[in-house]
Amino acid sequence: MRVLLTSSGIRNASIDKALVDLLGKPIAESNALCIPTAAYGTGSGGASMAYQFISGSTFSPMSGLGWKSLGVLELTALPSIKDEYWIPEVQETDALLVWGGSPRYLCYWMRQSGLADLLPSLRPETVYVGTSGGAMVATPDFGGTTYDDSDLLVGSDNALGLVDFSVFPHLHRKDGLPETPLAEIEAWAAGLSVPAYAIDDDTAIKVTNGTVEVVSEGDWKLFTP
């Protein structure tokens with residue numbers, strides 16, 4: 001799959017261009033499915049986060065970019081419906097927009113729903129667009145509970161491994177939430193077995209055929225194990 005991993009969505013012209021490059025056509029000619037599941041794992045406010053993402057009313061409106069068509073793929077619903085109700089839609093879509101929240105909760109439902117097993121068989125031109133927690137689950141390892149200490153009924157650290165590096169989003173956080181000190185990010189990266197990128201909200205990582213490109217109008221750091 002083609003992959004675009006972001007900290008806060010399509011925040012600037014450079015990241016927007018990277019998305020269009022991966023799609024191979026304008027957004028207005030592309031179909032997308034948005035996945036809000038991770039938001040519900042954050043606790044209070046998760047439902048509001050999910051609504052803002054689906055409605056395109058977030059600061060970086062992933063779902064409000066002007067897609068030709070847009071659907072909602074709620075992973076927690078998939079085990080209760082027939083495969084033929086949802087798998088063809090995933091196979092036909094141009095982009096999967098995977099929103100942030102709790103990466104451990106998202107990992108659990110990626111696998112429980114069957115989507116994780118389906119991803120390797122999708123068309124090679126399908127684009128996985130992950131934001132924050134949605135970016136972290138695409139990696140081989142996001143450090144377990146180091147980033148995500150949500151009080152979950154269900155959760156998993158079994159990430160998808162769509163890429164061969166890890167990501168720590170929200171470097172130099174400016175959204176009003178507590179910023180993680182750089183020393184803590186360095187300690188997190190030191191515990192991983194793969195390289196790790198810490199990216200701010202104006203940075204994304206684009207992966208095509210195994211080639212990694214940092215797309216940034218902000219700041220980022222690479223840590224090697």
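This report walks through a predicted model, starting with its sheet and moving on to a helix, a loop residue and the cysteines.

**The sheet**

Let's begin with the strands. Seven of them make up an open sheet with mixed pairing, and their order is β3-β2-β4-β5-β1-β8-β9. At the edges sit β3 (69-72) and β9 (211-216), each of which pairs on one side only. From one strand to the next, the twist averages 20 degrees.

For a closer view of one pairing, take β2 (residues 31-35) and β4 (residues 95-98), which run in the parallel sense and share four bridges. Within this pair, Leu-33 is found opposite Leu-96 in β4. Helix α1 (residues 13-23) packs on the sheet, where it touches β1 (2-6), β4, β5 (127-131), β8 (203-208) and β9. The direction of α1 makes about 165 degrees with that of β1.

**Helix α4**

Another helix worth a visit is α4 (residues 103-113), which is mostly covered, with eight of its 11 residues buried. Those buried residues are Pro-103, Arg-104, Tyr-105, Leu-106, Cys-107, Trp-109, Met-110 and Ser-113. Their packing partners are α3 (83-92), β4, α5 (115-118), β5 and α6. Just after α4 comes Gly-114, which has a positive phi near 95 degrees.

**Asp-141 in its loop**

Between α6 (133-136) and β6 (166-168) there is a loop that holds Asp-141. The C-alpha atom of Asp-141 is separated by 7.5 Å from that of Asp-157, a residue 16 places away along the chain. If neighbours within four places in sequence are set aside, Asp-141 is in contact with Ala-159, Ser-166 and Leu-192.

**Cysteines**

How many disulfides does a search of the whole structure find? The search returns zero. Cys-34 takes part in no disulfide, and the nearest cysteine sulfur to its own belongs to Cys-107, 19 Å away. Cys-107 therefore has no partner within bonding reach, because even the closest cysteine sulfur, that of Cys-34, is too far for a bond at 19 Å.

The table gathers the relative accessible areas of the two cysteines and of Asp-141.

| Residue | Relative accessible area | Class |
|---|---|---|
| Cys-34 | 0% | buried |
| Cys-107 | 1% | buried |
| Asp-141 | 24% | partly exposed |

Cys-34 and Cys-107 count as buried because their values, 0% and 1%, fall under 20%. Asp-141, at 24%, is partly exposed because its value lies between 20% and 50%.

Terms used
Residues are numbered from 1 along each chain as its sequence is written. This is a predicted model: local features need pLDDT of at least 70, side-chain atom pairs count only at pLDDT 80 or more; totals for chains, interfaces and linings use all residues. Side-chain values use heavy atoms; hydrogens and water are left out. Two strands pair if DSSP finds at least two bridges between them. Helices (H or I, at least four residues) and strands (E, at least two) are DSSP runs, numbered from the N terminus. Axes are lines fitted to C-alpha atoms, for helices over the stretch in contact, and angles run from 0 to 180 degrees between N-to-C directions. Contact means heavy atoms within 4.5 Å. Buried means under 20% relative accessible area, exposed over 50%, partly exposed in between (1.4 Å probe, protein chains only). A disulfide is a pair of cysteine sulfur atoms within 2.5 Å.
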